[in-house]
Amino acid sequence: MLHSDMKTYSSTAGKERLRYITHCTLCNSYEHKPIISGDGFLFVKCNSCGLVFQNPQPGEIELRERYGGDYFRYEKDNEKNFFNLMLLGLRDIGFNKIASQLNGKKSFLDVGCATGMLIHHMKSNGWAEQGVEICRPSAIYGIRDKGVKIFIGTLEEACFEPESFNVIHCSHLIEHLTDPLRFFTEVFRILKPGGFFIVTTPNIDGFQARLFKEKWRSAIADHMYLFSRKTIEKLFHRTGFKVLKSKTWGGLAKGTAPAIVKGFADFLAKKMGIGDVMIYLTQKGPTVKLKEPSA
Ligand SMILES: [Zn+2]
């Protein structure tokens, strides 16, 4: 597939101030052990729930500096490939079916929308489109070139009204965040009741991650969190999302094996759910009302 042909962009670590994370964001355990060390960064794994994250890691403000002109060029050079992959992913999880169930004017938010290819496509198909992008040149290019709405900054900074969107999509975004729990909570707040949250992210339990270990293409300085099926599902459940469907894809990266072997590995990885990248279709469940304290 196209995905395996592209290199993952990453900055070099080491310039920013780092902060230590004392406890796991998912289960609050204080115990973790190192599992992957890279050039100037280290991934640890929670002893209790298995969540993998960089520790120490740069803060949100420092990380923002990484998404400037070089990142824009990478996003612009690959925009068509990324767009085609996102369409394939959406097709894989049956997006057309859920879209056909929505009535009235439908709204689609793409967080980490880069140059706005996907929201432009959604707009052409009659959706009310909205993007959020931290890389200023990418966002400005999207606004000017494609005439789409993009908020420049983080999702939390956008302060959207509660229950604003039918669908919230993010592809290769959540692994870059310093606080995925806060992000998922914000997505829940701004989704309409019964709205859909679609996430694509690398799979640390996939075949490639196991085979390549510290040389895995997603074990890079720009990724703060690396999820498995188990840990991402725990995050969905914790923040009120019901998992409707998931798929994984990508067995071997191009050039690492003869075409016939790669073809077979890709087929098996998808079949067994151990592909390199995973996509989840989830739905916002009913809001849990907190009980009034008894007198
Ligand atoms: Zn944990």
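In which loop is the place of Ala-114? In this predicted model, Ala-114 is placed in the loop between β6 (107-111) and α5. The legends below start from this residue.

**View A. Backbone of Ala-114 in the loop between β6 and α5.** Ala-114 is a residue other than glycine, yet its phi is positive, near 55°. The relative accessibility of Ala-114 is 10%, and this residue therefore counts as buried, the limit being under 20%.

**View B. Backbone of His-172 in the loop between β9 (165-171) and α8 (180-190).** His-172 is not a glycine either, and its phi is positive at about 55°. With 27% relative accessibility, His-172 counts as partly exposed because this value lies between the 20% limit for buried and the 50% limit for exposed.

**View C. Coordination of the zinc ion by four cysteine residues.** The SG atoms of Cys-24, Cys-27, Cys-46 and Cys-49 coordinate the zinc ion at 2.3 Å. Angles among the four donor atoms run from 101 to 115°; the site is therefore tetrahedral, as all angles lie between 85 and 135 degrees. Along the sequence, the donor residues follow the spacing C-x2-C-x18-C-x2-C. Two of the donor residues are described further: Cys-46 is buried, with a relative accessible area of 3%, and Cys-49 is buried as well, with a value of 7%.

**View D. Cis peptide bond between Asn-55 and Pro-56.** The omega angle of the bond that joins Asn-55 and Pro-56 is about 0°. Pro-56 belongs to the loop between β4 (52-54) and β5 (57-58).

**View E. Packing of helix α3 (residues 79-92) with helix α5 (residues 117-124).** The two axes come within 9 Å and cross at roughly 60°, and α3 and α5 are therefore oblique to each other. From α3, the contact is made by Glu-79, Lys-80, Phe-83, Met-86, Leu-87 and Leu-90, and from α5 by Met-117, Leu-118 and His-121. By character, the residues of this contact of α3 with α5 comprise six nonpolar, one polar and two charged.

**View F. Packing of helix α2 (residues 69-77) with helix α6 (residues 136-146).** The axes of α2 and α6 are 7 Å apart, and the helices pack at an angle of about 45°. This angle makes α2 oblique to α6. Gly-69, Phe-72, Glu-75 and Lys-76 of α2 meet Pro-137, Ser-138 and Tyr-141 of α6. In the contact of α2 with α6, three residues are nonpolar, two are polar and two are charged.

Notes
Residues are numbered from 1 along each chain as its sequence is written. This is a predicted model: local features need pLDDT of at least 70, side-chain atom pairs count only at pLDDT 80 or more; totals for chains, interfaces and linings use all residues. Side-chain values use heavy atoms; hydrogens and water are left out. Donors are N, O and S atoms within 2.8 Å of the metal (3.2 Å for Na, K and Ca); water is not among the atoms, so sites may look incomplete. Four donors count as tetrahedral if all angles lie between 85 and 135 degrees; four count as square planar and six as octahedral if opposite donors are over 155 degrees apart and all others between 65 and 115; anything else is irregular. Buried means under 20% relative accessible area, exposed over 50%, partly exposed in between (1.4 Å probe, protein chains only). Axes are lines fitted to C-alpha atoms, for helices over the stretch in contact, and angles run from 0 to 180 degrees between N-to-C directions. Helices (H or I, at least four residues) and strands (E, at least two) are DSSP runs, numbered from the N terminus. Angles under 35 degrees count as roughly parallel, over 145 as roughly antiparallel, 65 to 115 as roughly perpendicular and the rest as oblique. Contact means heavy atoms within 4.5 Å. Ala, Val, Leu, Ile, Met, Phe, Trp, Tyr, Cys and Pro count as nonpolar, Asp, Glu, Lys and Arg as charged, and the others, Gly among them, as polar.
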